[in-house]
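Thank you all for coming. Please take a moment with the sequence and the model on the screen, and then I will walk you through a few parts of the structure.

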Amino acid sequence: MNQQKKAYSDRTRWSQRYQPYKQDGHRERRDDTDVPLLDWIISDLHPHTIVEEPGFLHFYKSMKSARFQNQPTSTDILLKLQQSFFLKTQSVQKNLDSVDTVALSSEVWNTTANKTYMTTTCHLIDNTWTQQSWVLETIPLPEEYKHSNIIGQLLKIADKWRIGNKIKVVVTNEDGIKKDIKKAGWDFIPCFANTLDVVFKETLEASSVWKALVERCCKIAEYFSNAEAQGHLKKAQKNLRLPEYNLAETKGDKWLSTLNMLERISKQHEAIRQVLIEFNVDLLLSKHENKNITKTISSLKAFQDIISPAKRYHSLADIIPQVEAIRKKLKQLQQSGNEFAKELAQHLDHHFSRAKENDWLTLSTTLNLRYRDIALSEIGTFTRITKRIIAEMEHLNEENQGRSFRQPGNFDMALKRYLEKKMLPTKYDPLAFWKFPKVEDWYLSEVARKYLAVVSTAVPADIAFDIEKARLVASRISSLDPEHLNMMLFLNGNHFLPS
């Protein structure tokens, strides 16, 4: 991998595309040259922030140095996209052919038109010990799809990309599919982001008080989605000298979008109260309900404060440390009398109390030198996992017989050396530790490659844990032509812009 590619290998696709650039304080005032740009933004309903996005800036810089004889047509652009698609397909296939093990993530998602799609991404650690994620396919699912449809498509994708015998595990946000994944010969990992949503929904379902509160807030947000009500709200905001922004709508079934809604209602409760009283709308919140909103917000922020959306994908090794950190925050809130934190903690424990019994979770955490001791803090887990790692090295040795010059070392000693290593700082890249293994540690490093390649979410983390970015991406995707959706998401997912 050349230096330029390596420099951008850790940057995420969506953060590159959607993170706004900082404004230049010395920018010149607008003149008539801005008119065509404004016409473009208005006629095509682009967000005004598009002029600060990397894709636009890259195009603008290239336009300054390029000389066009003929204006390109949409047919010209489509042809160039198809050519890029063909070349990138060859490049991705070459990368997949060069490795022995891969992990898949399969995200089932819906468009605003309620069409269901499945996007499958392949994850691996290449020979330079760089994490790679390649979007493979986006396919439509039947209106009333079954689990067999998903498994059938995954098997076709595996065959098409020649990775059937390389897949070890599948991470998905689709519930109730574990048995079908196992039948296909793969291990199953539920999407961490989806599981946190399930924890939140179960917490609401278990308590009529909290469920009724969220439903009431959803009705308030829905009421103020009306243009007339928004106008009244902005007038009240101006009178109270509050920030003039709209409330955020949600169905109340996902923790992050619900948190976003509750935070806006909490910050604007005086303006909301004025409007509801003035127009005699029966949606007023009591003082007790406002207090419960504050408790709900602080509890959900225990999730948000721990889980950063900065990276495109999070490692499976992050789950156990993140859950333990969330538990600690929720416990602190419980001690201060937060009942919702108590309910949330109980359902979190229900889903993650046996996390260390899952070998994929525990081995990936163990082989990440930032978190190793967190995974092995219990004697029973330590014994089971160390035996499993040695067994994995022995299995690799058997597979390696007759096709490699490598000689098996003392596997127990190799593992012992690793367990005696000093833990790495949290910000240190755990893959860098394995990049140049000693000859006697080669088998252990290959076990690490297998487990550290797995991601924790089927939905890219920078989308799953960033509500504004998620909405923007959903809006952009919904505007794409279904005929070219697979090609566009493939190119978008496997393309990295230069700075």
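Before anything else, let me fix one term: when I call a residue buried, I mean that its relative accessible area is under 20%. Please also keep in mind that what you are looking at is a predicted model.

With that cut-off in hand, let us start with helix 24, where 7 of the 9 residues are buried, so that the helix is largely enclosed by the rest of the structure. The buried residues are L485, M487, L489, F490, L491, N492 and G493. For the protein chain as a whole, buried residues make up 45% of the 499 residues.

In terms of secondary structure, the chain has 24 helices and 5 strands. The 5 strands form an open sheet, in which the order is 3-2-1-4-5 and the pairing is mixed. Strand 3, residues 131–140, and strand 5, residues 187–190, stand at the edges with a single partner strand each, and so one side of each has no neighbour in the sheet. On average, and with direction ignored, neighbouring strands of this sheet are turned by 25° against each other. Coming back to helix 24, which spans residues 485–493, we find that this helix packs on the sheet and touches strand 1, strand 2 and strand 3, with its direction making about 170° with that of strand 3.

At the other end of the sheet order, strand 4, residues 167–172, pairs with strand 5 in the parallel sense, over 4 bridges. If you would like a residue pair to look for there, V171 stands opposite I189 in strand 5.

Now let me turn to strand 3, and to one of its residues, S133. Which side chain does the side chain of S133 meet in a polar contact? The partner is the side chain of H123, at 2.8 Å. Leaving aside neighbours within four places in sequence, S133 is in contact with T121, C122, H123, Y313 and N494.

H123 also leads us to A453, a residue found in the loop between helix 21 and helix 22. Again setting aside neighbours within four places in sequence, A453 is in contact with H123, L124, I125 and Q131. Is A453 buried or exposed? It is buried, because its relative accessible area is 3%, which falls under the 20% cut-off. The C-alpha atoms of A453 and Q132 are separated by 8.3 Å, although the two residues lie 321 residues apart along the chain. On the scale of the whole chain, residues 24 or more positions apart account for 70% of the contacts with a separation of 6 or more.

Finally, a few words on empty space. The structure holds 2 cavities of 30 Å³ or more, and about 30 Å³ of space lies in the second largest of them. A453 appears here too, since the residues that line this second largest cavity include A453, V454, K450 and W360. Strand 1 and strand 4 are the elements that give two or more residues to that lining.

As for pockets, the second largest has a volume of about 1,600 Å³. Of the 47 residues lining this pocket, the closest to its centre are E107, W109, N110, K254 and A470. Helix 23 gives the most to the lining of the second largest pocket, with 7 residues, and among the other elements that supply at least two residues each are strand 1, strand 2 and strand 3.

Definitions and conventions:
Residues are numbered from 1 along each chain as its sequence is written. This is a predicted model: local features need pLDDT of at least 70, side-chain atom pairs count only at pLDDT 80 or more; totals for chains, interfaces and linings use all residues. Side-chain values use heavy atoms; hydrogens and water are left out. Two strands pair if DSSP finds at least two bridges between them. Axes are lines fitted to C-alpha atoms, for helices over the stretch in contact, and angles run from 0 to 180 degrees between N-to-C directions. Contact means heavy atoms within 4.5 Å. A polar contact is a pair of N or O atoms within 3.5 Å; within protein, one must be able to donate a hydrogen and the other to accept it, and residues adjacent in sequence count only if both atoms are side-chain atoms. Buried means under 20% relative accessible area, exposed over 50%, partly exposed in between (1.4 Å probe, protein chains only). On a 1 Å grid over the protein atoms alone, a cavity is a set of points where a 1.4 Å probe fits but cannot get out, and a pocket is an open set with protein on both sides within 12 Å along at least five of seven lines; lining residues have an atom within 4 Å of a point. Grid points are joined across faces, edges and corners, and a volume is the space filled by probe spheres set on the points.
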